[in-house]
Every structure is written in structure tokens, then in C-alpha cells.
Amino acid sequence: MTHPANLPATGFLRLRSILAPAGPIPVSKSTWWAGVRDGRFPKPTKLGSRITVWRVEDIRALIETGAL
């Protein structure tokens, strides 16, 4: 699992870098997407038809507020 301090300062993250076991957020994909729909988790950015990313700043803010 990646520690939040190991996240880059700026940029974008793919879902596999956000969710456990590789990422710092310990939820399943279905829970993550339900949280995105509900507004608990940050909205993604589409870079292409098959590329969805999240801003590192948004993920850091989520971790720091402890809204998991």
C-alpha cells in the first residue's frame, strides 16, 4: 500500500494507484464509484474515451480530511 506521502505533489492518478492494495484508499472499486456518484469521493477527469484520472490534490484532500 502506498503511503500518502509517496503520492506525487501534482498531476493525475489512475484508479489502480488510488485504491488498495497499491494505493492509500482501502475501498473496493464498486464502493469507490458509488462514492463518486454520491459526492463522497472526488469527481474524475476524462483524458480520453478509456482514460479516467483523478487530481492528486483531490486525493490528498480526501485523505487529509479523513472522509473515508
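Two strands are said to pair if DSSP finds at least two bridges between them. Keep that in mind as you move through this predicted model, beginning with the whole protein chain, which has three helices and three strands arranged from the N terminus on as β-α-α-β-β-α.

Select residues 45–48, which are strand 2, together with strand 3, and you will find the two pairing in the antiparallel sense over three bridges. They form a hairpin with two residues between them, and if you pick out Lys46, its bridge partner in strand 3 is Thr52.

Next, keep strand 3 (residues 51–55) in view and add strand 1 (residues 12–13), which runs antiparallel to strand 3 and is joined to it by two bridges. Here Leu13 stands opposite Trp54 of strand 3.

Leu13 and Trp54 lead on to the largest nonpolar core, which has 13 residues, and both are among the members that touch the most others, along with Ile18, Leu19, Ile25, Trp32 and Ile59. Now colour helix 1 (15–18), helix 2 (29–38) and helix 3 (56–65), since each of them supplies at least two residues of this core, with the largest share, three residues, coming from helix 3.

Which residues are in contact with Ile18, leaving aside its neighbours within four places in sequence? Select Ile18 and look for Leu13, Gly23, Pro24, Ile25, Trp32, Trp54 and Ile59.

Finally, show the surface of the protein chain, which exposes about 4300 Å², with carbon and sulfur atoms supplying 55% of that area, while 28% of its 68 residues count as buried.

Technical notes:
Residues numbered from 1 in each chain as written. Predicted model: local features only at pLDDT ≥ 70, side-chain atom pairs only at ≥ 80, totals over all residues. Heavy atoms only, no water. Core = buried A, V, L, I, M, F, W, Y, C linked by side-chain atoms within 4.5 Å. Buried < 20%, exposed > 50% of the residue type's maximum accessible area, 1.4 Å probe, protein only. Helix = DSSP H or I, 4+ residues; strand = E, 2+ residues; numbered from the N terminus. Contact = heavy atoms within 4.5 Å. Areas by Shrake-Rupley, 256 points an atom, 1.4 Å probe, with all protein chains shown as cover.
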